[in-house]
Amino acid sequence: MNVEIFFAALFLVAVAGLLIFESLYQWIYRFPDRTERQIISYLRGVDLDSLKDLLNLADEGYLRLNLSPLEFRKEQRHRIAVTLEYYGRMMHNSRLVQQWSNTEMRKSAMTRNREVARASRELNKFCIEFRIHALVTRVKLHAWLFRIKALPFVSIPFLAEARRIDSFDLVYSYERIKQEAEKLSRACGSSYHDELAQGM
């Protein structure tokens with residue numbers, strides 16, 4: 001009984017510590033209002049054409065046929081790690097763009113600019129959808145990496161499956177975020193839309 005109480009108390013202390021750490025982190029590093037100009041410096045470049053090639057089923061099929069099982073297993077681990085990197089950058093960028101859209105939404109409530117309000121709402125919606133689906137996909141990719149490394153006798157998953165969750169296409173969704181960000185930038189009368197598109 002005492003052991004159970006000890007582990008329950010330890011768990012509660014760990015959760016409380018994590019909450020305190022997260023609160024301090026947000027207090028120090030979170031910027032409640034992000035302008036378009038401010039987020040450009042933080043954006044991480046994403047080569048969508050390379051990502052599309054990486055998630056191409058035909059290319060993956062060619063590798064499966066022309067590499068030995070051991071070579072393909074190594075190659076697939078590398079390809080999964082690169083995909084995780086791309087999705088991590090895309091999630092980072094979409095979080096920044098969402099913070100900017102939230103700032104513009106608050107401003108438009110005061111200025112009554114309907115075009116900016118509409119554009120910022122649309123961008124915010126696309127960012128939320130993308131971030132949820134990308135998070136689920138990243139968890140799946142980490143599980144695949146573990147599976148390939150720890151269970152060598154289990155079949156290797158198709159990386160092309162990491163592009164979609166049901167009918168939700170992550171690459172297409174990110175392209176929409178870029179389009180919506182550019183639309184919001186133009187609605188705000190900004191001169192940064194080219195830099196924004198290049199940064200993403």
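Buried here means under 20% relative accessible area. Keep that cut-off in mind, because two acidic residues in salt bridges fall below it: E180 at 3% and E60 at 0%. One more caution before we start: this is a predicted model.

Let's take E180. Its side chain forms a salt bridge with K183, and the closest N and O atoms are 3.4 Å apart. Both residues sit in helix 7, residues 170-187. They are 3 residues apart, about one turn of the helix. An α-helix has 3.6 residues a turn, so residues three or four places apart point the same way. The two ends of this bridge are covered unequally: E180 is buried at 3%, whereas K183 is partly exposed at 46%.

Now E60. Its partner is R64, at 3.9 Å, N to O. The spacing is 4 residues, within helix 4, residues 57-66, so about one helical turn separates them. E60 is buried, at 0% relative accessibility. R64 is partly exposed, at 26%. The pair is not alone, either: E60, R64 and R79 are linked in a network of salt bridges.

How many salt bridges are there in total? The count comes to 12. Which parts does the bridge between D33 and R106 tie together? D33 lies in the loop between helix 1 and helix 2, and R106 lies in helix 5, so the bridge joins parts 73 residues apart in sequence. The N to O distance is 2.7 Å. Both ends are partly exposed: D33 at 45%, R106 at 42%.

Next, helix 5 itself. It runs over residues 69-111, which is 43 residues. From first C-alpha to last it reaches 61 Å. The expected value is 63 Å at 1.5 Å a residue, so the two are close. Right after the helix comes R112, with a positive phi near 60°.

On to the surface. There are two patches to show.

The first patch is nonpolar. V3, F6, F7 and L10 make it, with an area of about 420 Å². V3 belongs to helix 1, residues 2-29. V3 counts as exposed, at 52% relative accessibility.

The second patch is negative. D47, D49, D53 and D59 form it. D47 is in the loop between helix 2, residues 36-40, and helix 3, residues 48-54. Is D47 buried or partly exposed? Partly exposed, with a relative accessible area of 37%.

To close, back to the buried acids. E180 pairs with K183 in helix 7, and E60 belongs to the network with R64 and R79.

Methods
Residues numbered from 1 in each chain as written. Predicted model: local features only at pLDDT ≥ 70, side-chain atom pairs only at ≥ 80, totals over all residues. Heavy atoms only, no water. Patch = residues over 30% accessible without salt bridge, like charges linked within 9 Å, V, L, I, M, F, W, Y side chains within 5 Å. Areas by Shrake-Rupley, 256 points an atom, 1.4 Å probe, with all protein chains shown as cover. Salt bridge = Lys/Arg side-chain N within 4 Å of Asp/Glu carboxyl O. Lys, Arg positive; Asp, Glu negative; His and termini not counted. Charge placed at Lys NZ, Arg CZ, Asp CG, Glu CD. Buried < 20%, exposed > 50% of the residue type's maximum accessible area, 1.4 Å probe, protein only.
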